[in-house]
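Biologist: Please take a close look at a single part of this model, and then relate that part to other places in the chain. I should like the burial of each residue to be explained as you proceed.

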Amino acid sequence: MVEHIHSLLHSAAGPMSFVVIVPGWLDEEAWVELSSSRFKQAFYLIAAKDHGYCDGAQHQRQDRYRESTYDTGVFILQNSLGKSKWSV
């Protein structure tokens, strides 16, 4: 996944930005690649206790919301034109 984003950012003729939201699994390859990306303009870590989400099986549950069991990472990747157009 990350290599495809990098390829798009590298070859884009115009401004381009991605917001990538992933579980806070620090040892995963994608996390490591996103953390060290040359396109990374910003990063936010949201503690598990500070957020939740709408369950994908919400139509089958009484409570559609679910507490997060993991921290969540938010990575903002941009090419140089994207950085100029949409400052983080």
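Modeller: A residue is called buried when its relative accessible area is under 20%, exposed when that area is over 50%, and partly exposed in between. The model is a predicted one. I shall begin with Asn79, which is placed in the loop between β5 and α3, the latter covering residues 80–85. The relative accessible area of Asn79 is 6%, which is under 20%, and Asn79 is therefore buried. What does the side chain of Asn79 reach? It reaches the backbone oxygen of Gly14, at 2.9 Å. That distance is within the 3.5 Å allowed for a polar contact.

Gln78 belongs to strand β5, which covers residues 72–78. With a relative accessibility of 3%, Gln78 also falls under 20%, so Gln78 is buried. A polar atom of the Gln78 side chain lies 2.8 Å from the backbone oxygen of Trp86. Thus the side chain of Gln78 is paired with a backbone oxygen of Trp86, while that of Asn79 is paired with a backbone oxygen of Gly14.

The loop between β4 (65–67) and β5 holds Tyr70. Because its relative accessible area is 44%, between the two limits, Tyr70 is partly exposed. Tyr70 and Ser80 are ten residues apart in sequence, and their C-alpha atoms are 32 Å apart in space.

Another pair, Leu26 and Asp71, is 45 residues apart in sequence, with a C-alpha to C-alpha distance of 9.8 Å. Leu26 sits in the loop between β1 (17–23) and α2. Its relative accessible area of 52% is over 50%, and for this reason Leu26 is exposed.

Helix α2 covers residues 29–35 and includes Glu29. At 59% relative accessible area, Glu29 passes the 50% limit and so is exposed. Glu29 is one of the residues in a surface patch of negative charge, together with Glu3, Asp27 and Glu28. Residues of such a patch must have over 30% relative accessible area and no salt bridge; the 59% of Glu29 therefore meets the area requirement.

How many salt bridges are counted? The count is one. Lys49 and Asp50 form a salt bridge, with their closest N and O atoms 3.5 Å apart. Both of these residues are exposed.

To return to the starting point, Asn79 is buried at 6%, and its side chain reaches the backbone oxygen of Gly14.

Key. Residues are numbered from 1 along each chain as its sequence is written. This is a predicted model: local features need pLDDT of at least 70, side-chain atom pairs count only at pLDDT 80 or more; totals for chains, interfaces and linings use all residues. Side-chain values use heavy atoms; hydrogens and water are left out. Patches are made of residues with over 30% relative accessible area and no salt bridge: like charges are joined within 9 Å, nonpolar side chains (Val, Leu, Ile, Met, Phe, Trp, Tyr) within 5 Å. Accessible areas come from the Shrake-Rupley method with a 1.4 Å probe; for residues, only the protein chains shown count as cover. A salt bridge is a side-chain nitrogen of Lys or Arg within 4 Å of a carboxyl oxygen of Asp or Glu. Lys and Arg count as positive and Asp and Glu as negative; His and the chain ends are not counted. The place of a charge is taken as NZ of Lys, CZ of Arg, CG of Asp or CD of Glu. Helices (H or I, at least four residues) and strands (E, at least two) are DSSP runs, numbered from the N terminus. Buried means under 20% relative accessible area, exposed over 50%, partly exposed in between (1.4 Å probe, protein chains only). A polar contact is a pair of N or O atoms within 3.5 Å; within protein, one must be able to donate a hydrogen and the other to accept it, and residues adjacent in sequence count only if both atoms are side-chain atoms.
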